[in-house]
Amino acid sequence: MTALELRGVTAAYGRGARARHVLDRVDLGVEPGESVAVVGRSGSGKSTLADVVLGLRRPTGGIVHVDGRPWISASAAARRADRHLVQGIPQDPAAAFVPGWTLRRSIGLAAARLLGDHDATERIERAARLARLDAALLDRTPREVSGGQAQRAAIARAVAMGPAVLVADEPTSALDGPTAAAVADALFQVAEVTGTALLLVTHDPALAARCAHTVTITAPEGRR
Ligand SMILES: Nc1ncnc2c1ncn2[C@@H]1O[C@H](COP(=O)(O)OP(=O)(O)OP(=O)(O)O)[C@@H](O)[C@H]1O
């Protein structure tokens, strides 16, 4: 079953005559364990698309299915139960963690909220191994780890939720070359090993080339 499917997805900022239309009926599908790069000019709508898939922005048209089920039009209760199915890896990993808390505590809170798992020790350590994060670092706060380690922790946090889809928006653009390459390796490996679909927004052609497919986003007619 296709893990993520978008058909004819459109979005807008604002309403009525002043609305700024974004996304020109985007179609894409990502199979379990597969990676798809989302590329396009600056301002074309890539981050908007990521937000739609993450459930942070409602599309103005089209359908989004996750694991074969409606993602956007689902009832609030169904959405709550399914929230863990789509997990984001932000450009700034600090966004995934509570600032003064250990990484472990932040991931534990997410597991409790999204999965009802109140003793997620095993789950968290397994996810850290998958993301190739030294488990000892889980007991540090986000400020006590490097950018690359924090991004591995963000990958661990996302994968610990057992998602069907990972959405990574420029996950390596804040890192230096070798660190970016190692974090990208961890991300692709996690997706492959866990059979999770990976939607990867990137400006980096080398990173896009590592994905199985590439989807180019263009602004709607009249806005290009
Ligand atoms: N909150 C907002 N309110 C109004 N317009 C917005 C808002 N966020 C984004 N836009 C506009 O929507 C369009 C798409 O923005 P988006 O951030 O999705 O593009 P992008 O392809 O991710 O760009 P970049 O590669 O520069 O990050 C742009 O024209 C942008 O100016």
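The questions below ask how the terms used for this predicted model follow from its geometry.

User: How are residues numbered, and what confidence is needed for local features?
Analyst: Residues count from 1 along each chain as its sequence is written. As this is a predicted model, local features need pLDDT of at least 70, side-chain atom pairs count only at pLDDT 80 or more, and totals for chains, interfaces and linings use all residues.

User: What makes a residue part of the shell around the ligand?
Analyst: Its C-beta atom, placed from the backbone, must lie within 6 Å of the molecule. The residues around the ligand include Tyr-13, Arg-20, Gly-45, Lys-46 and Thr-48.

User: Which element gives the most to that shell?
Analyst: H1 does, with three residues. Helix H1 (46-53) and strand E2 (20-30) each supply at least two. Both names come from DSSP runs, numbered from the N terminus: H or I of at least four residues for helices, E of at least two for strands.

User: How is the shell split by class?
Analyst: It has two nonpolar, seven polar and two charged residues. Ala, Val, Leu, Ile, Met, Phe, Trp, Tyr, Cys and Pro count as nonpolar, Asp, Glu, Lys and Arg as charged, and the others, Gly among them, as polar.

User: What makes a set of residues a nonpolar core?
Analyst: Its members are buried Ala, Val, Leu, Ile, Met, Phe, Trp, Tyr and Cys residues joined through C-beta atoms within 7 Å. Buried means that 20 or more other C-beta atoms lie within 10 Å of the residue's own, all placed from the backbone. The largest such core has 67 residues, and Val-53 and Leu-199 are among those with the most contacts inside it. Helix H5 (residues 147-160) gives the most to this core, with eight residues.

User: Which residues does Leu-199 touch?
Analyst: Among them are Leu-4, Val-30, Val-53 and Val-165, not counting residues up to four places away in sequence. Contact requires C-beta atoms, placed from the backbone, within 7 Å.

User: Why are E1 and E2 called paired?
Analyst: Pairing needs at least two bridges found by DSSP, and seven join strand E1 (residues 4-13) to E2, so the two pair. They run antiparallel. Leu-4 stands opposite Val-30 in E2.

User: What is the order of strands in the open sheet?
Analyst: The order is E6-E7-E8-E3-E9, with parallel pairing. Strands E6 (86-89) and E9 (213-216) are the edges, as each pairs on one side only. Four bridges join strand E3 (residues 35-39) to strand E8 (residues 197-201). In E8, the bridge partner of Ala-37 is Leu-200.

Definitions and conventions
A residue is buried if 20 or more other C-beta atoms lie within 10 Å of its own, exposed if 12 or fewer, and partly exposed in between; C-beta atoms are placed from the backbone. Two residues are in contact if their C-beta atoms, placed from the backbone, lie within 7 Å.
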